[in-house]
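Reader: I would like a close look at one part of this model, followed outward to the helices around it. Please keep to what can be read from the coordinates.

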Amino acid sequence: MVMLTPALNLLHARYGLPCHVIGTGSWTSVMYQGHPDVCGVWSFHRHVPFLLDGAWGPVRRALRDSHPGPIYVCEAHYRQLPRIRRMLRLSGVDSRRCLFLADEPPVSPEHLADRLVRFGQRTPDSVAATDYRSPPSSMIDGPRLHILQHERTARDAWLKTRGWHGRDLVLVQPGNHRTMGWRRARSRRLNTDDKWWPLENWVALLKHVHACRPDAMLLLCGSSVEVPMLEEIRSTARLPNLAVASGSLRELFALCEVAHSMISVDTGPAHAAAALSLPVVVLFGAQPAQYWLPRSPAGSPAAGVGGPPRSMRVDQIPLEDVIAAWHSVVEQTEPGSRRHSSA
């Protein structure tokens with residue numbers, strides 16, 4: 001959803017109106033709050049038949065009312081496409097209005113954001129391409145997310161009550177969707193979580209970051225169901241400036257806006273951090289970094305560690321590689337910081 005924002009920016013500029021976005025999961029509407037390229041968001045539940053979902057009625061009306069506007073289907077997963085095609089058919093949408101990302105194979109090697117922008121430059125049969133020319137690539141913005149003013153106010157108040165306001169904040173995101181709730185025990189038992197880094201590695205990394213920046217506050221980030229995992233890391237590390245920060249996605253986004261850096265496994269918060277111009281290090285499992293590496297609208301550094309062909313699991317990534325990557329992004333942000341941290 002973060003990587004989609006450059007394509008949304010292109011479509012807004014091209015057609016003169018902000019986009020309506022239809023997605024799955026509660027985070028879809030959360031993601032685009034305050035985004036100037038989005039004027040409406042509908043979210044379906046992943047595991048509920050769409051005909052029984054409360055979003056179906058408004059989406060059906062919106063699809064009809066948007067006639068004859070173009071519809072770009074950015075989902076490429078084979079399991080979701082039949083559902084989407086049924087939704088379009090039951091809404092009476094003219095197929096000539098629709099384009100499907102899945103109909104055009106990716107160009108290798110090509111980053112996901114570039115693929116989505118290239119997709120947005122295509123034109124459905126119902127639209128005259130000469131009437132809606134694509135803006136030059138230099139004019140396309142993103143990936144970018146936006147923070148609302150009341151979220152900044154709440155964040156600053158939260159930091160002040162804890163005595164953290166004005167201090168460097170290093171965010172650490174150890175978890176992914178497989179570490180949430182019942183998935184954690186199952187993935188550990190079956191060893192199926194290719195994004196899990198051993199606890200002792202997180203502890204050693206935190207101790208190194210603390211030694212380099214003893215005045216910084218280190219925050220272990222994650223959802224409420226990940227708190228037991230985060231607390232296990234915190235209690236094992238036993239560092240004075242280490243705490244668990246478990247809040248909503250929008251609260252995490254607001255923290256990213258003022259943080260010093262982030263170290264994360266390959267997951268959504270890492271993309272959000274980069275989209276908010278936070279320097280980030282990302283640990284990759286089976287997914288290729290050249291396709292998924294987070295991007296920043298302001299050019300802040302993002303370093304990928306691991307991933308194929310070098311490795312297929314995060315637990316194959318040496319601690320030293322992650323430490324080196326963190327020093328690299330900090331050095332790009334603060335010239336001379338490596339020498340200072342080594343003194």
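With which side chain does the side chain of Glu110 make a polar contact?

Author: The model is a predicted one. In it, the side chain of Glu110 makes a polar contact with the side chain of Arg118, at 2.8 Å.

Glu110 itself sits in a loop, the one that joins strand 4 (98–100) to helix 5 (112–120). Glu110 has a relative accessible area of 14%, which is under 20%, and therefore counts as buried. Apart from neighbours within four places in sequence, the residues in contact with Glu110 are Arg115, Arg118, Gln290 and Tyr291. As for distance across the model, the C-alpha atom of Glu110 is separated by 36 Å from that of Val244, a residue 134 places away along the chain.

The loop leads into helix 5, and helix 5 packs against helix 1 (residues 5–15). The two axes are 8 Å apart and the angle between them is about 20°. An angle under 35 degrees counts as roughly parallel, so helix 1 is roughly parallel to helix 5. Their crossing is right-handed. On the helix 1 side the contact is formed by Pro6, Ala7, Leu10, Leu11 and Arg14, and on the helix 5 side by Leu116, Val117 and Gly120. Sorted by class, this contact has 6 nonpolar, 1 polar and 1 charged residues.

Helix 1 is largely enclosed by the rest of the structure, because 9 of its 11 residues are buried. Those buried residues are Thr5, Pro6, Ala7, Leu8, Asn9, Leu10, Leu11, Arg14 and Tyr15. Helix 5 is one of the elements covering them, and the cover also includes strand 1 (19–24), strand 2 (38–44) and strand 3 (71–73). After helix 1 comes Gly16, with a positive phi near 85°.

Two further helix pairs can be described in the same terms. Two packed helices are described by the angle between their axes and the distance between the axes.

Take helix 6 (residues 149–161) first, through Arg155, which is located in it. Arg155 is buried, its relative accessible area being 9%. Leaving out neighbours within four places in sequence, Arg155 is in contact with Ala254, Leu255, Glu257 and Val258. These four are also among the residues of helix 10 (residues 249–258) that meet helix 6. The axes of helix 6 and helix 10 come within 10 Å and cross at roughly 75°. An angle of 65 to 115 degrees counts as roughly perpendicular, so that is how helix 6 stands to helix 10. Helix 6 contributes Glu151, Arg152, Arg155, Trp158 and Leu159, which meet Arg250, Ala254, Leu255, Glu257 and Val258 of helix 10. By class there are 5 nonpolar, no polar and 5 charged residues in this contact.

The remaining pair is helix 8 (residues 199–212) and helix 9 (residues 227–237), whose axes lie 9 Å apart at an angle of about 55°. Helix 8 and helix 9 are therefore oblique to each other. Their contact involves Leu199, Trp202, Val203, Leu206 and Lys207 from helix 8, together with Glu232, Ile233, Thr236 and Ala237 from helix 9. The class count for helix 8 with helix 9 is 6 nonpolar, 1 polar and 2 charged residues. This crossing, of helix 8 and helix 9, is right-handed.

Methods. Residues numbered from 1 in each chain as written. Predicted model: local features only at pLDDT ≥ 70, side-chain atom pairs only at ≥ 80, totals over all residues. Heavy atoms only, no water. Axes fitted to C-alpha atoms, helices over the stretch in contact; angles between N-to-C directions. Helix = DSSP H or I, 4+ residues; strand = E, 2+ residues; numbered from the N terminus. Parallel < 35°, antiparallel > 145°, perpendicular 65-115°, else oblique. Left-handed = near helix turned anticlockwise from the far one by under 90°. Contact = heavy atoms within 4.5 Å. Nonpolar A, V, L, I, M, F, W, Y, C, P; charged D, E, K, R; others polar. Buried < 20%, exposed > 50% of the residue type's maximum accessible area, 1.4 Å probe, protein only. Polar contact = N/O pair within 3.5 Å; in protein donor to acceptor, adjacent residues only side chain to side chain.
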